[in-house]
Amino acid sequence: MDRRQQAHPHHAYLFANQRANRMKVLVHDGVGVWLAARRLNTGKFVWGDARLSPRLPMNAAQLNALALGLPWQRMGDAGVITVL
């Protein structure tokens, strides 16, 4: 197996369905892999364009905001959403 195809410790891998109302997160904690799932009853998860960049680096505050359905792209270091 190529090293690029292996899960890296302390990384999260996020996947969404086409309607963007369901998300699955795979987290490698250094020992094993955890799976978490989230479904929104209303609204959608906001993703970047995977065709432009399949890898989107994000910090812990941004990941938490994405999981809650908040505008994670505008999340600052202190966990505050910046107003545009």
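Leaving aside its neighbours within four places in sequence, with which residues is Arg39 in contact? Arg39 touches Asn21 and Arg22. This report follows that link through a predicted model.

**Overall build**

The chain has 84 residues, and 17% of them are buried. Its secondary structure comes to one helix and three strands. From the N terminus on, the order is β-β-β-α. The accessible surface comes to about 6800 Å². Carbon and sulfur atoms hold 57% of that surface. Take the contacts in the chain with a separation of 6 or more: residues 24 or more positions apart account for 21% of them.

**The loop between strand 1 and strand 2**

Strand 1 covers 11-16, and a loop that includes Ala20 lies between it and strand 2. Arg19 is found in this loop, and so is Asn21. Burial varies here. Arg19 counts as exposed because its relative accessibility is 54%, and exposed means over 50%. Ala20, at 11%, is buried because the cut-off for burial is under 20%. Asn21 has 15% relative accessibility and therefore also counts as buried.

Ala20 has a further feature. Its phi is near 60°, a positive value in a residue other than glycine. Most residues other than glycine have a negative phi.

What does Asn21 touch, not counting residues up to four places away in sequence? The list is Arg38, Arg39, Leu40, Gly43 and Phe45. Arg39 is found in strand 3, residues 33-39. The contact between Asn21 and Arg39 thus appears in the lists of both residues.

**Strand 2**

Strand 2 spans residues 22-28 and holds Lys24. Leu26 is in strand 2, and Val27 lies there too. Leu26 is partly exposed, with a relative accessible area of 30%. Val27 counts as partly exposed at 31%. Both values fall between the limits of 20% and 50%, which is why neither residue is called buried or exposed.

Val27 has contacts on two stretches of the chain. Leaving aside its neighbours within four places in sequence, it is in contact with His11 and Ala12, and also with Gly32, Val33 and Trp34.

**C-alpha separations**

Three pairs link residues discussed here to other parts of the sequence.

| Pair | Residues apart along the chain | C-alpha separation |
|---|---|---|
| Arg19 and Lys44 | 25 residues | 7.4 Å |
| Val27 and His10 | 17 residues | 6.9 Å |
| Arg39 and Ala20 | 19 residues | 9.0 Å |

**Surface patches**

Which residues form the positive surface patch? Arg19, Arg22, Lys24 and Arg39 do. Its members come from several elements. Arg19 belongs to the loop between strand 1 and strand 2. Lys24 sits in strand 2, and Arg39 in strand 3. Two patch members, Arg22 and Arg39, are also in contact.

The chain also carries a nonpolar surface patch of about 380 Å². Phe15, Leu26, Val33 and Leu35 make this patch. Leu26 is its member from strand 2 noted above. Val33, another member, is in contact with Val27.

**Drawing it together**

Strand 2 supplies Lys24 to the positive patch. Strand 2 also supplies Leu26 to the nonpolar patch. In the loop before strand 2, exposed Arg19 is followed by buried Ala20 and buried Asn21. Arg39 in strand 3 contacts Asn21 and takes part in the positive patch.

Note on methods:
Residues numbered from 1 in each chain as written. Predicted model: local features only at pLDDT ≥ 70, side-chain atom pairs only at ≥ 80, totals over all residues. Heavy atoms only, no water. Patch = residues over 30% accessible without salt bridge, like charges linked within 9 Å, V, L, I, M, F, W, Y side chains within 5 Å. Areas by Shrake-Rupley, 256 points an atom, 1.4 Å probe, with all protein chains shown as cover. Salt bridge = Lys/Arg side-chain N within 4 Å of Asp/Glu carboxyl O. Lys, Arg positive; Asp, Glu negative; His and termini not counted. Charge placed at Lys NZ, Arg CZ, Asp CG, Glu CD. Helix = DSSP H or I, 4+ residues; strand = E, 2+ residues; numbered from the N terminus. Buried < 20%, exposed > 50% of the residue type's maximum accessible area, 1.4 Å probe, protein only. Contact = heavy atoms within 4.5 Å.
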